[in-house]
Amino acid sequence: MNKIDPWEVKEVKDYSRLMKELGVDSFQQFTKKLKNPPLEVKRNLVIGHKDFNKVYDCITKKKEFAILTGLMPSGVFHFGHMSVINQVIYYQNLGAKIYLLAADLEANLTRKIQEKEARKIALEEYLLNYIALGLKKKNLVFYFQTSGPKKVQEYMNLSKLASAETTFSEVKAIYGDINPQKLISALTQTADILYPQLEGIKTTLTPIGFDQLPHANFTRDIASRMKFSLPAFTFHKLIPGLQGPNTKMSSSKPESYISFDDDEKTVRDKINKYAFSGGGATLKEHKEKGGNPDIDVSFLWLKYLFEDNDKRLNEIEQNYRAGNLSTGELKDVLIEKINYFLKQHRIKRERARKQLNKFI
Ligand code: TRP
């Protein structure tokens, strides 16, 4: 059953089949209902959910709900990390209380990243960029797994008590080949997700990547046995890495991503050299037969990250399909968008740096 390993992200080719097999509902109906949704939602990167109706009910009736999600502090902050935080900021602006944790314990246990290093990455790479992207201090709880949130004893105990509610055969059925470190990480993640309920908040939503689905199932099983409410989840597809539509951005492969620290020249060079093209083999062929935007990483990045104007995106798509827009021209559009974004972002980040201390 373990088609997905949350610690070893593989490429997923057929999301809709996997969703059916694994009992994940389509997010489509909410994509249309949510007002001014972030790009991730509008462009269908968020494809699945569990129990989102509960959250939607809170949004429309202005009832209390919380967002809880975590970040694994394991390397540089790149554009593959944007999907989660944009959703968090969207819900924060709708009035949700936000619980954001740095999974420093998990980073230590599963990636051998020491506490000091993990803390540094969490603050200087992730939190700093989150603030620059619009995360606010109001209604935000930020904590590290190793030191815990406010009700620290209950949090620490919860992860241990949760172990009484499962068995090795269940754990193996959900995670496949698992070791003690991964099991502790999974139980800690369960405590993370249920924690807002210890502070009295009934409805919670955890937006995560599709690769984290096993954690969602595990947590919901344990929640029902421990008489918690079932936490809701949304799942998003991963934004492709530069090497192709079915590859991922990986912190250990700089040629697979653009980071928030890449300068203008690096951006230009990486896109020109690595961004997988769906265009024709030669300019002549491209003009005759057109390109395929569905597999073209430059187009997909515009769609999921940089071009929020639907009309403009549509024009680019049509022109590329028709062969009127070449791969080089498409790449130039993307490069300009990224560099413009990063230029603004660097200014916002310097402002954010001054506020960082207030967030911890
Ligand atoms: N396992 C997550 C990751 O690899 C990090 C994480 C820890 C998390 N606790 C969480 C994510 C709770 C969502 C909710 O990125």
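I take a residue as buried when its relative accessible area is under 20%. I am reading a predicted model throughout these entries.

**Entry 1: the sheet**

With that cut-off in hand I looked at strand 2 (46-50), which is mostly covered, 5 of its 5 residues being buried. Strand 3 (66-71) is mostly covered as well, with 5 of its 6 residues buried.

I then asked in which order the 7 strands of the open sheet lie. I read the order as 1-2-7-6-3-4-5, and the pairing is mixed. The edges are formed by strand 1 (25-26) and strand 5 (140-144), each of which pairs on one side only.

I went through the pairings that I could follow by their bridges, beginning at the strand 1 edge. Strand 1 runs antiparallel to strand 2 and is joined to it by 2 bridges, and here I noted S26 with G48 of strand 2 as its bridge partner. On to strand 7, strand 2 pairs in the antiparallel sense over 4 bridges, and H49 has T234 in strand 7 as its bridge partner.

Further along, strand 3 and strand 4 pair in the parallel sense over 6 bridges, with G70 having L101 of strand 4 as its bridge partner. Strand 4 (residues 97-102) also runs parallel to strand 5, to which 5 bridges join it. I found L101 here again, standing opposite Y143 in strand 5.

**Entry 2: helices on the sheet**

Next I looked up which strands helix 7 touches where it packs on the sheet. Helix 7 is in contact with strand 3, strand 4 and strand 5, and its direction makes about 160° with that of strand 5. Helix 11 packs on the sheet too, touching strand 2, strand 6 (204-209) and strand 7 (232-236), and its direction makes about 170° with that of strand 7.

**Entry 3: nonpolar cores**

I turned to the side chains of the interior, keeping in mind that in soluble globular proteins nonpolar side chains tend to be buried together. The largest nonpolar core holds 72 residues, and those that touch the most other members are Y91, I271, W301 and I338. Helix 7 (residues 115-133) gives the most to this core, with 10 residues.

I picked Y91 for a closer look and listed what it touches, leaving aside residues up to four places away in sequence: L34, F52, I59, F65, I67, A96 and L205. Apart from this core I found another, of 42 residues, with V12, Y155, L158 and F235 among them.

**Entry 4: helix 9 against helix 11**

How do helix 9 (residues 168-175) and helix 11 (residues 213-225) pack, and at what angle? I read an angle of about 150°, with the axes 9 Å apart. The two helices are therefore roughly antiparallel to each other, since angles over 145 degrees count as such.

On the helix 9 side the contact is made by E170, V171, I174 and Y175, and on the helix 11 side by P214, H215, F218, D221 and R225. Sorted by class, I have 5 nonpolar, 1 polar and 3 charged residues in this contact.

I stayed with R225, which has its place in helix 11. At 37% relative accessibility R225 counts as partly exposed. Not counting residues up to four places away in sequence, R225 touches E165, T166 and E170. I also noted that R225 and A164, which are 61 residues apart in sequence, are 10.0 Å apart in space, C-alpha to C-alpha.

**Entry 5: backbone oddities**

Last, I looked up residues with a positive phi that are not glycines, and wrote down N44 and K62.

N44 has a phi of about 65° and lies in the loop between helix 3 (39-42) and strand 2. Is N44 buried or partly exposed? Its relative accessibility of 31% makes N44 partly exposed.

K62 has a phi of about 55° and lies in the loop between helix 4 (52-61) and strand 3. At 76% relative accessibility, K62 counts as exposed.

Methods: Residues numbered from 1 in each chain as written. Predicted model: local features only at pLDDT ≥ 70, side-chain atom pairs only at ≥ 80, totals over all residues. Heavy atoms only, no water. Core = buried A, V, L, I, M, F, W, Y, C linked by side-chain atoms within 4.5 Å. Buried < 20%, exposed > 50% of the residue type's maximum accessible area, 1.4 Å probe, protein only. Contact = heavy atoms within 4.5 Å. Axes fitted to C-alpha atoms, helices over the stretch in contact; angles between N-to-C directions. Parallel < 35°, antiparallel > 145°, perpendicular 65-115°, else oblique. Nonpolar A, V, L, I, M, F, W, Y, C, P; charged D, E, K, R; others polar. Pairing = 2+ DSSP bridges.
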